[in-house]
Amino acid sequence: MAEVKLKNIIKKYDEKTIINDVSLDIKDKEFIVLVGSSGCGKSTILRMIAGLEDITSGEIYIDDKCVNNVHPKDRDIAFVFQSYALYPHMTVYENIAFPLKMRNFKKDEIYKKVKEAAEILNLTEYLNRKPKQLSGGQRQRVALGRAIVRNPKVFLMDEPLSNLDAKLRVQMRSEIKKLHERLQTTFIYVTHDQTEALTMGDRVVVLDRGIIQQADTPENIYYNPQNTFVGGFLGSPSMNFIPVSIADRTIRLNDTTCVLSDAQYALLKDKKEVIIGIRPEKMDCSAYNLELAANIDISEMLGSEKIIYCTINGVKCSAKLDAQKKFGKTAVLHINSDEFLFFDKDTQKRLKEEQK
C-alpha cells in the first residue's frame, strides 16, 4: 500500500494562514484520525492530500513520490465524502461500478469487483436499488464500496458519519474499523467527533488553528495531553483545569491543603502558580488522600453514573460519580493527588519530568 508524508505544509487563502507548517509521517496500513473543532484545517489537509486543494508551500509524498503536481485521478487515492456523493439516477451497482467504467475496465472485471465489494459491505441484496431507497447507513456503505473497488493506496474519509444518527454512527464506526483490518490499506480519517477519534484511530492527530497540537496513540492523547487544549478538547466531559498557588511544598484547594510528593515537588519547586489538570472520572477515587466539598450547579443522570457540574477553587469543574451516590447542593469528592497533571500557567504546556 502506501506511506503518506507531509513536509512543512502551509496553506494560505489570500493573507490568512489556514495550515501552518504541518509535518506528519503516516505509516503504511495505518489508520490515522485528524480531529479538531470546525475551522481547524483538518479537511483542508485531507483535500490537499487528495489534490483537490493547492499547497501554498511544502511537499506531500505518497509512497516516496512527491505528488504536489500530480493530478488527483493519478494519485491512486479514494475519497469518501460526508455527503455520500451518490448519483441518484443510478442503481447501487452502477454507483459502485462508476469509477471502474471511467477507467475502461472490462464488464466481467467490473462485475467481479462490485460483487466482492458488495459482499464485504453487506450490500448484495441492494444492488438494484436507487440511493433514495436506502437508509443513511446503507448509502454510506455504497460510498465506501465505490472507494473499495478502486483498490487505492490510500483511503481519505471526510467526516463520513456526521449525517447519521447516534446509533448508526456506532455501528458504522465498527464497520469501518473492520474494513480497515480486512483491506490492510492506509486510512486517513477526518472528524470533529472525539469518540470517533479515540475509538477508531491507531494514532490521533489533534489540530487547532492549522497547527498540530499532538499526534499520538489514543491512550496517550487522553491520559497524557501535551497541553491544556488537547486535554480540554478530548473527553466528555473534558479535563478539569484548576489554577492553584504553591507555597511551602503545599497547594491549596478550597479549604483543603495538599502536600506535594517528592516527584511533584521536584517538578514544581521553581513554580509559584500552576494549573492542575484532572479527568472527571478521577474525581471520585477509592484510594484518595483529599476530600473536597464541591458546590453543585447541576447534575445529569447517565445510567450507571452521574455527572455533576460544580465549582472548585472558584473554577467550573465536572465529576463522574457512581449513580447510587446521594448528595444535595454539595458533594464530597474523593481525589488522589497522584492523578494530578500539571500545566504551565503561561504557556499552557504540560510540565513533565524532562522539563525540570
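## Asparagine 122 and its loop

In this predicted model, asparagine 122 sits in the loop that links helix H3 (107–120) to helix H4 (136–148). Its phi is positive, near 55°, in a residue other than glycine. Relative accessibility is 54% for asparagine 122, over the 50% cut-off, so the residue counts as exposed.

## Aspartate 63, a second positive phi

Aspartate 63 is not a glycine, yet its phi is positive at about 55°. This residue belongs to the loop between S4 and S5. Buried or exposed, or in between: where does aspartate 63 fall? Aspartate 63 has 33% relative accessibility, so it counts as partly exposed. The class runs between the 20% and 50% limits.

## The open sheet

The strands on either side of that loop, S4 and S5, belong to an open sheet of 4 strands. The order is S2-S1-S4-S5, and the pairing is antiparallel. Strand S2 (16–26) and strand S5 (65–66) form the edges. Each has a single partner strand, so one side of each lacks a neighbour in the sheet. Strands of a sheet pair through backbone hydrogen bonds, in a parallel or an antiparallel sense.

Strand S1 (residues 4–13) pairs with S2 over 7 bridges, in the antiparallel sense. Within this pair, isoleucine 9 stands opposite valine 22 of S2.

## Helix H1 across the sheet

Which strands does helix H1 lie across? Helix H1 (residues 42–50) lies across S1, S2 and strand S4 (57–62). Helix H1 runs at about 115° to S1.

## Packing of H2 and H4

Helix H4, which follows the loop of asparagine 122, packs with helix H2 (residues 92–102). Two packed helices are described by the angle between their axes and by the distance between those axes. For H2 and H4 the angle is about 35°, and the axes are 7 Å apart. The crossing is right-handed.

Which residues make the contact? H2 contributes Val92, Asn95, Ile96 and Pro99. H4 contributes Val142, Gly145 and Arg146. By class, the contact of H2 with H4 has 4 nonpolar, 2 polar and 1 charged residues.

## A cis peptide bond

Where is the cis peptide bond at proline 237? Proline 237 lies in the loop between helix H8 (228–233) and strand S11 (240–247). The bond runs from serine 236 to proline 237, and its omega is near -5°.

Terms used:
Residues numbered from 1 in each chain as written. Predicted model: local features only at pLDDT ≥ 70, side-chain atom pairs only at ≥ 80, totals over all residues. Heavy atoms only, no water. Pairing = 2+ DSSP bridges. Helix = DSSP H or I, 4+ residues; strand = E, 2+ residues; numbered from the N terminus. Contact = heavy atoms within 4.5 Å. Axes fitted to C-alpha atoms, helices over the stretch in contact; angles between N-to-C directions. Buried < 20%, exposed > 50% of the residue type's maximum accessible area, 1.4 Å probe, protein only. Left-handed = near helix turned anticlockwise from the far one by under 90°. Nonpolar A, V, L, I, M, F, W, Y, C, P; charged D, E, K, R; others polar.
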